[in-house]
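Colleague: I've got this model open on my screen and could use a guided tour. Mind if I fire some questions at you?

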Amino acid sequence: MTVKKIYAVGDEIFTECGKCKSEMHHIVTAMKDDEVKKVMCKGCNTTHLYRGKKKKAKATDAAGPKKVKRRSSKKDWGKLTAEMVEEEFVAYDMRHDFSEQRGIKHNKFGNGVITKVLGDTQLEVVFKDSIKILVQNYEMN
Ligand SMILES: [Zn+2]
């Protein structure tokens with residue numbers, strides 16, 4: 001059975017000092033119930049909150065960048081291609097990732113404009129005469 005030492009104001013406590021960047025002898029200067037609240041470092045004479053045990057890594061930013069981008073769904077071919085140059089139409093290949101592309105060149109349907117990225121594996125592509133759902137990131141087995 002381990003007995004938790006209860007400190008009192010004025011007691012010495014060996015704990016981490018943020019300023020000294022190491023474990024230092026401190027004097028307890030404030031208590032809350034049975035918990036040490038504040039300590040004064042004997043090394044740098046700074047009073048700071050008692051850190052207790054080192055805390056593990058902070059909660060990481062969960063909101064990572066989202067890969068799927070929303071695109072406007074304007075289906076007017078003239079408007080869609082008005083500002084596009086031939087170089088923006090890249091050869092379509094179902095094994096490639098076109099999420100970051102605007103236009104594709106399909107060997108059957110011709111130039112197409114990607115209007116929606118449907119998850120990781122599908123694209124909504126507007127061609128001059130039709131709208132197609134094309135596969136991307138297709139994995140050959
Ligand atoms: Zn210190």
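Colleague: Which residue in β2 is the bridge partner of E16?

Modeller: Keep in mind that this is a predicted model. β1 and β2 run antiparallel, with six bridges joining them. Look across to β2 from E16, and the bridge partner there is E23.

Colleague: In what order do the four strands of that open sheet come?

Modeller: The pairing in this sheet is antiparallel. In general, strands of a sheet pair through backbone hydrogen bonds, either parallel or antiparallel. Here the open sheet has the order β1-β2-β3-β4.

Colleague: Which strands stand at the edges, and why is one side of each left without a neighbour?

Modeller: The sheet is an open one. Each edge strand has a single partner strand, so one side of it has no neighbour in the sheet. From one strand to the next, the twist averages 50 degrees. The two edge strands are β1 (12-17) and β4 (47-49).

Colleague: Is V28 buried, partly exposed or exposed?

Modeller: V28 is in strand β2, which covers residues 22-32. Leaving out residues up to four places away in sequence, V28 touches Y7, A8, V9, G10, D11, I13, V36 and V39. Buried would take 20 or more other C-beta atoms within 10 Å. V28 has 19, so it counts as partly exposed.

Colleague: How far apart are the C-alpha atoms of V28 and G10?

Modeller: Along the chain, V28 and G10 are 18 residues apart. G10 is also one of the residues that V28 touches. Between their C-alpha atoms, the separation is 5.1 Å.

Colleague: Which elements give two or more residues to the largest nonpolar core?

Modeller: That core has 10 residues in all, including Y92, F98, I104 and L134. As a general point, nonpolar side chains tend to be buried together in soluble globular proteins. The elements giving two or more residues to this core are β7 (110-118) and β8 (122-127).

Colleague: What does I104 touch, not counting residues up to four places away in sequence?

Modeller: I104 is part of the largest nonpolar core, as are Y92, F98, I114 and V125. Those four turn up again on the contact list of I104. In full, I104 touches F89, V90, Y92, F98, G112, I114 and V125.

Colleague: What share of the chain's 141 residues is buried?

Modeller: The chain has one helix and nine strands, and from the N terminus on they run β-β-β-β-α-β-β-β-β-β. Of the contacts with a separation of 6 or more, 28% are between residues 24 or more positions apart. As for burial, the share is 12%.

Notes
Residues numbered from 1 in each chain as written. Predicted model: local features only at pLDDT ≥ 70, side-chain atom pairs only at ≥ 80, totals over all residues. Core = buried A, V, L, I, M, F, W, Y, C linked by C-beta atoms within 7 Å. Contact = placed C-beta atoms within 7 Å. Pairing = 2+ DSSP bridges. Axes fitted to C-alpha atoms, helices over the stretch in contact; angles between N-to-C directions.
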